[in-house]
Amino acid sequence: MKNRREYDSALAAEYALGTLRGLARMRFERRFRRDPRLAADVASWQSLFTQLDNQLAPLDPPERVWKRLELELPQINVRHIRRNRWSYVGWAVAAGLATLLIVPRLLVAPPTAIPIAVLSNSQQNSQWVVSLEKSTRNLTLTPLNPVAVSSNNSLELWSIPAGEKPHSLGLLNTSGPTQLILAENQLTDNSLLAISLEPHGGSPTGQPTGAVLFSGPLQNL
């Protein structure tokens, strides 16, 4: 029987895939908005599924395959039955190919990005999950809710080491995940991450000029 942690991880995966629906999805959303560890699980699964989707390229069957199927379909009154049969075979082949492509990746390529921070607003009702792939220094920020920003403004991410001035890490997408490549030593264990509201295109001074909307300490760095 699964323990609570495994059960929550499975729910996070279903949520990221979009297969968790209705009241169950609403209840789960309320839970991870209050639980940073659960929010980090959701972001980790979202990152994994995004990578899988990026690696799969659409493949159209050759024209000769369709022609051969048309020639082999008998022109009789039960034609629709044959077509249904071929449709079933086609779906079976497609499902088999999808399994061959996706399952090995799930088994041998677990998520390499680890959650390192959850940035919350002052009301604690909106959050960003920050994940890092240490080997590539690829930083991913995922908003758990879309953030409304006017066309005259941008969201900018800052690293604030203890006792030092903020350093800009880049601008953020307000409606989906943002990926940023870090330079060496841009993040340290005692840093704080913050997101500020800036003029469109980012701060003109190199330092935050607008309100800090989200912030949180680094973990697991």
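This report walks through a predicted model of one protein chain, from its overall layout to its pairs of side chains and its contacts between distant residues.

**Overall layout**

The secondary structure of the protein chain comprises five helices and eight strands, and when the sequence is followed from start to end these elements come in the order α-α-α-α-α-β-β-β-β-β-β-β-β. The chain has 221 residues, of which 33% count as buried.

**Helix α2 and its charges**

Helix α2, which covers residues 22-34, contains R33, and R33 belongs with R27, R30 and R34 to a patch of positive charge on the surface. The relative accessible area of R33 is 32%, so this residue counts as partly exposed.

General background helps with the next feature: side chains of opposite charge can pair when their charged atoms come close. Two salt bridges are found in a search of the whole structure. One of them joins R31 and D8, with 3.0 Å between the closest N and O atoms. Because R31 sits in helix α2 while D8 sits in helix α1, which spans residues 4-17, this salt bridge ties together parts that are 23 residues apart in sequence. The two partners can also be described by their accessibility: R31 counts as partly exposed because its relative accessibility is 23%, whereas D8, at 7% relative accessibility, counts as buried.

Another salt bridge is formed by E29 and R25, whose closest N and O atoms are 3.9 Å apart. Here both residues lie in helix α2, four residues apart, which is about one turn of the helix. R25 has a relative accessible area of 24% and is therefore partly exposed.

**Aromatic pairs**

A pair of aromatic rings is described by the distance of the centres and the angle of the planes. The structure holds four aromatic pairs, and among them is the pair of F28 and F32, which is edge-to-face, with 5.5 Å from centre to centre and 70 degrees between the planes. F28 and F32 are both part of helix α2, where they stand four residues apart, about one turn of the helix. With a relative accessible area of 3%, F28 is buried, and F32 likewise counts as buried, at 2% relative accessibility.

Elsewhere, the rings of W128 and F214 have their centres 6.1 Å apart and their planes at 70 degrees, so this pair too is edge-to-face. Since W128 belongs to strand β2 (residues 127-133) and F214 to strand β8 (residues 212-217), the pair ties together parts that are 86 residues apart in sequence. Both W128 and F214 are buried.

Returning to the helical part, ring pairs link F28 and F32 with Y15 into a cluster.

**Residues apart in sequence**

The table lists pairs of residues with their separation along the chain and the distance between their C-alpha atoms.

| Pair | Separation in sequence | C-alpha distance |
|---|---|---|
| L17 and Q46 | 29 residues | 7.6 Å |
| S126 and P146 | 20 residues | 9.0 Å |
| I114 and E133 | 19 residues | 6.5 Å |

The setting of one partner in each pair can be added. L17 is found in helix α1, and with a relative accessible area of 53% this leucine is exposed. S126 lies in the loop between β1 (114-120) and β2, and S126 counts as buried because its relative accessibility is 12%, where buried means under 20%. I114 is part of strand β1, and its relative accessible area of 30% makes I114 partly exposed.

**A positive phi angle**

Which residue has a phi near 55 degrees, a positive value in a residue other than glycine? That residue is R137, and R137 is located in the loop between β2 and β3 (138-143). As background, most residues other than glycine have a negative phi.

**Drawing the picture together**

Helix α2 recurs through this account: it contains the F28 and F32 ring pair and both partners of the salt bridge between E29 and R25, and through R31 it is tied to D8 in helix α1. Among the strands, β2 and β8 are tied together by the rings of W128 and F214.

Key
Residues are numbered from 1 along each chain as its sequence is written. This is a predicted model: local features need pLDDT of at least 70, side-chain atom pairs count only at pLDDT 80 or more; totals for chains, interfaces and linings use all residues. Side-chain values use heavy atoms; hydrogens and water are left out. Patches are made of residues with over 30% relative accessible area and no salt bridge: like charges are joined within 9 Å, nonpolar side chains (Val, Leu, Ile, Met, Phe, Trp, Tyr) within 5 Å. Accessible areas come from the Shrake-Rupley method with a 1.4 Å probe; for residues, only the protein chains shown count as cover. A salt bridge is a side-chain nitrogen of Lys or Arg within 4 Å of a carboxyl oxygen of Asp or Glu. Lys and Arg count as positive and Asp and Glu as negative; His and the chain ends are not counted. The place of a charge is taken as NZ of Lys, CZ of Arg, CG of Asp or CD of Glu. Helices (H or I, at least four residues) and strands (E, at least two) are DSSP runs, numbered from the N terminus. Buried means under 20% relative accessible area, exposed over 50%, partly exposed in between (1.4 Å probe, protein chains only). Rings of Phe, Tyr and Trp (its six-membered ring) pair if their centres lie within 6.5 Å; planes under 30 degrees apart count as stacked, over 60 as edge-to-face and the rest as tilted.
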